[in-house]
Structures are given as structure tokens and as C-alpha cells.
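These are my notebook entries from a session with one model, written down in the order in which I looked things up. I began with the contacts between charged side chains and went on from there.

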Amino acid sequence: MPHAAMIPLETDLDWDLVGALPEMLQTIYGSLNKGLNLTAGDTVLIRGGSSTVGLMSIGLAKMLGATVLATTRSQAKVAKLTAMGADHVLIDDGHIAAQVHDLLPEGVDKALELVGTTTLTDTFGAVKPAGKLCFTGGLGGGWEIEHFSPFMIPSGKFLTSYAGEAQDLPAKIFNQVLAEAKAGKLSVPIAKVYHGLSEVGEAQANLESGHFVGKHVVVLD
């Protein structure tokens, strides 16, 4: 294992929780920190908030001191997003910019795009002038913009992306998340824990079903 890929930690939490975090946290913290330079007091929109990465993004953004708006397509998932710490939950019908401006007339300071290029233009509409949008995921299946032109980026707003590596997750942040989770101040979205390789098939089937909210974790006991 390359030394640069190792993260020192101190915790007595179970490995079903600890093992579920590194890859997810790296993506989220890298997006919020390197992609958006999120700081305490910012307002941030999480587009795709009911995904596993989206849920954890809500919790981490709150831990960093931001006010969080998050989207979901399902009314049944609103309570979960609220429990993760979302200050405002918006039902996403493909057009949420107007809803954001109803809450914040100027728009949000920053936005994390997890749905993809299919909603990118609308998400930009929710961002205030001089605001930032970070493209990280393509949950909606859209990863490319056909016939892209730089002029598609709204004047005065900033488009960035995140696809980083293990070094983007500082040990300090990982250990802070573990401490917050142990204290019950931060929830880790785990749908179900499976034990042994014999349950991998069930885990994969449940993942593909779309009926679960959160991460599926297989522990080799």
C-alpha cells in the first residue's frame, strides 16, 4: 500500500462504519473543499441529495458550517435529508432554480452537482452571481454536454469539477467525522450491513433495486 494512500485514524467504532467512509468522504470533502472552497457561513445546494454521496455531503457541509439546501425527487425521502441536517429540502422535478430563489432571492453561494449534465443548466440558475458550481457526479446518466461551448457557462459564474485521490482527504477531517459520528452529531448513511462473501449477491441486488437509502457495506468477519 503506498504511504500516500494511507490515512491514520484513532477510533473504536465498528469497521462496518469506518470502512464505509474513506472513498465517500474523499469525494465529498474534495468536492466541497477543492471544488467549491466551502467555508462557514456559505449557502450550498446539494443537487442529488438523496444519493449516498448526497446524504453525506449534507452532513459534512453542515459540519463545516454551511447552510444546506438539498434536492430529492421523492417526497418519501424528505425526512431522511432533514435528519442528515438539510436546512431546506426541495422536490426536484428537473427545475429547482425557481424554488431556490423563492428561499434565497439572490441564489446560493455554491452548488454541488451530483445529478449530471442533464440538470447542470438549471443548477447554474440557482447560483448567485460570482458563485461556484462543482460537477462531481452523473446520477442522471449525463456526463457530457453535446456541442459544448464555454459561452454556455453563465457570465460571472464559475464552473469547476472534482475527481481526485486519497490525498484529498486529510486525516484531521476523517478523524473529526469519526468523532462526530461517535458523539451522535453526524449520521453516516448506511442502508444495510452484510456479513461474509456469501451475502455479496444480496448486497448487489439490494443496491440495484433502488429501494434503499444509503450505503451497502459488506464486512468480512
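Entry 1, a lysine with two partners. I first looked up Lys128 and found that its side chain meets that of Glu106 in a salt bridge, at 3.8 Å from N to O. Lys128 belongs to strand β5 while Glu106 sits in the loop between α5 (97-103) and β4, so this pair ties together parts that are 22 residues apart in sequence. I note that the model is a predicted one. For Glu106 I read a relative accessibility of 55%, which makes this residue exposed, because the class begins over 50%.

The side chain of Lys128 also meets that of Asp109 in a salt bridge, here at 2.9 Å from N to O. This second pair links distant parts of the chain, with Asp109 in strand β4 and Lys128 in strand β5, 19 residues apart. Asp109 has a relative accessible area of 19% and is therefore buried, since the limit for that class is under 20%. I wrote down in addition that Arg47, Asp92 and Asp122 are joined into one network by salt bridges that share partners.

Entry 2, the count of salt bridges. How many salt bridges does the structure hold? I find nine. One of them is formed by Asp42 and Lys110, whose closest N and O atoms are 2.7 Å apart. Asp42 is placed in the loop between α2 (22-35) and β1 (43-47), and Lys110 in strand β4, so the pair ties together parts that are 68 residues apart in sequence. Are the two residues buried or exposed? Asp42 and Lys110 are both buried.

Entry 3, the strands around β5. I then followed the pairing of the strands that had come up in the first entry. Strand β4 (residues 108-113) and strand β5 (residues 127-135) run parallel and are joined by five bridges. Within this pairing, I noted that Leu112 stands opposite Cys134 of β5. Together with helix α6 (residues 120-125), the strands β4 and β5 make a β-α-β unit, and I recorded its hand as right-handed. Strand β5 also pairs with strand β6 (residues 158-161), again in the parallel sense, over four bridges. Which residue of β6 is the bridge partner of Phe135? I find Ser161 in that place.

Entry 4, aromatic rings. A search of the whole structure gave me one aromatic pair. Phe135 and Trp143 form this pair, with 6.0 Å from centre to centre and 75° between the planes, and the arrangement is edge-to-face. I call it so because planes over 60 degrees apart count as edge-to-face. I also compared the exposure of the two residues: Phe135 has a relative accessible area of 14% and is buried, whereas Trp143, at 54%, is exposed.

Entry 5, backbone angles. I looked for positive phi values in residues other than glycine and noted two residues. Asn37 has a phi near 50°, a positive value although the residue is not a glycine. Asn37 lies in the loop between α2 and β1, and with a relative accessible area of 40% this residue is partly exposed. Ala130, likewise not a glycine, has a positive phi of about 70°. Ala130 lies in strand β5, and I read a relative accessible area of 54%, which puts this alanine in the exposed class.

Entry 6, a nonpolar patch on the surface. Which residues make the nonpolar surface patch of about 370 Å²? I list Leu197, Val200, Val218 and Leu220. Of these I looked further at Val218, which lies in strand β8 (residues 215-219). Its relative accessibility is 31%, so Val218 counts as partly exposed, and this value fits the patch because members need over 30% relative accessible area.

Entry 7, a distance across the model. I ended with Gly19, which has its place in the loop between α1 (15-18) and α2 and is partly exposed at a relative accessible area of 48%. From Gly19 to Asp109 I noted 90 residues in sequence and 32 Å in space, taken from C-alpha to C-alpha. Asp109 is the buried residue of the first entry, with its salt bridge to Lys128.

Definitions and conventions:
Residues are numbered from 1 along each chain as its sequence is written. This is a predicted model: local features need pLDDT of at least 70, side-chain atom pairs count only at pLDDT 80 or more; totals for chains, interfaces and linings use all residues. Side-chain values use heavy atoms; hydrogens and water are left out. Patches are made of residues with over 30% relative accessible area and no salt bridge: like charges are joined within 9 Å, nonpolar side chains (Val, Leu, Ile, Met, Phe, Trp, Tyr) within 5 Å. Accessible areas come from the Shrake-Rupley method with a 1.4 Å probe; for residues, only the protein chains shown count as cover. A salt bridge is a side-chain nitrogen of Lys or Arg within 4 Å of a carboxyl oxygen of Asp or Glu. Buried means under 20% relative accessible area, exposed over 50%, partly exposed in between (1.4 Å probe, protein chains only). Rings of Phe, Tyr and Trp (its six-membered ring) pair if their centres lie within 6.5 Å; planes under 30 degrees apart count as stacked, over 60 as edge-to-face and the rest as tilted. Two strands pair if DSSP finds at least two bridges between them. A crossover is right-handed if, with the strands pointing away from the viewer, the path from the first strand over the helix to the second runs clockwise.
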